[in-house]
Amino acid sequence: MGIGGSYPEEEKLGMRYSFFLGKKRLFADVAETGLFRRGLGLMFRTRNTENLCFVFKNQGNKGRALTAAFVFFPFVVVWLDKRRKVVDMRYVLPWELYIHTKRRFSTILEFPVNLPNQGMVSFFRRKIRKV
């Protein structure tokens with residue numbers, strides 16, 4: 001399931017993922033997640049964990065919500081459509097219980113706020129609309 005094809009429960013580490021914000025093409029190193037990891041996301045991890053990529057088979061996942069319960073650090077969540085274009089993004093604080101978008105998406109990227117992600121996170125924070 002997802003980008004890699006099959007569906008082992010462990011993560012596929014070190015995958016280079018490209019996506020678009022407007023006409024700008026961005027690249028991120030992510031770990032594609034299996035079915036079990038999708039349910040946990042960044043929960044119970046440290047700030048220095050890898051970026052996560054959640055690919056869903058069906059586009060139109062408007063009703064799916066995330067939670068930052070048991071996430072002890074801030075992170076940026078980015079929702080992408082099937083063409084890998086950014087449809088929404090949000091800066092999330094620890095312990096936020098309900099994180100969602102009203103737009104249709106097929107992929108979610110999560111970027112922990114840490115030193116390796118400093119450039120990516122500051123880029124997204126400048127673009128994210130003030131709520």
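Okay, let me start with one residue: Asn51 is buried, at a relative accessible area of 7%. To put that in terms of the cut-off, buried here means under 20%, so Asn51 qualifies. And a quick reminder before I go on: this is a predicted model.

So where does Asn51 sit? It's in strand β3, which covers residues 51-55. What does its side chain make a polar contact with? The side chain of Asn117, at 2.6 Å. If you skip the neighbours within four places in sequence, the contacts of Asn51 are Asp29, Val30, Ala31, Glu110, Phe111, Pro112 and Asn117.

Three of those names, Glu110, Phe111 and Pro112, take us to strand β6, so let's go there. β6 spans residues 107-112, and it's mostly covered, with six of its six residues buried. Now, in a regular strand the side chains alternate between the two faces of the sheet. What about the two sides of β6, then? Both are covered: you've got Thr107, Leu109 and Phe111 on one side, Ile108, Glu110 and Pro112 on the other, and they're all buried.

Who does β6 pair with? One partner is β3, in the antiparallel sense, over four bridges. Within that pairing, Leu52 has Glu110 as its bridge partner. The other one I want to show is strand β4, residues 75-80, which runs antiparallel to β6 and is joined to it by six bridges. There, Leu80 is matched with Thr107.

Moving along the chain to helix α2, residues 118-127: which residues are buried there? Met120, Val121, Phe123 and Phe124. Looking down the axis of α2, those buried residues fall within an arc of 160 degrees, so they line one face of the helix. Over on the other side of α2, Gln118, Gly119 and Arg126 are exposed.

Okay, zooming out. The protein has two helices and six strands, and going from the N terminus the order is β-β-α-β-β-β-β-α. Of the 131 residues, 49% are buried. On the contact side, if you take the contacts with a separation of 6 or more, 60% of them come from residues 24 or more positions apart. As for the surface, the protein exposes about 7500 Å², and carbon and sulfur atoms supply 56% of that.

So, back to where I started: Asn51 is buried, and its side chain has that polar contact with the side chain of Asn117. That's my tour, happy to take questions.

Conventions: Residues numbered from 1 in each chain as written. Predicted model: local features only at pLDDT ≥ 70, side-chain atom pairs only at ≥ 80, totals over all residues. Heavy atoms only, no water. Buried < 20%, exposed > 50% of the residue type's maximum accessible area, 1.4 Å probe, protein only. Pairing = 2+ DSSP bridges. Polar contact = N/O pair within 3.5 Å; in protein donor to acceptor, adjacent residues only side chain to side chain. Contact = heavy atoms within 4.5 Å. Areas by Shrake-Rupley, 256 points an atom, 1.4 Å probe, with all protein chains shown as cover. Arc of directions from axis to C-beta.
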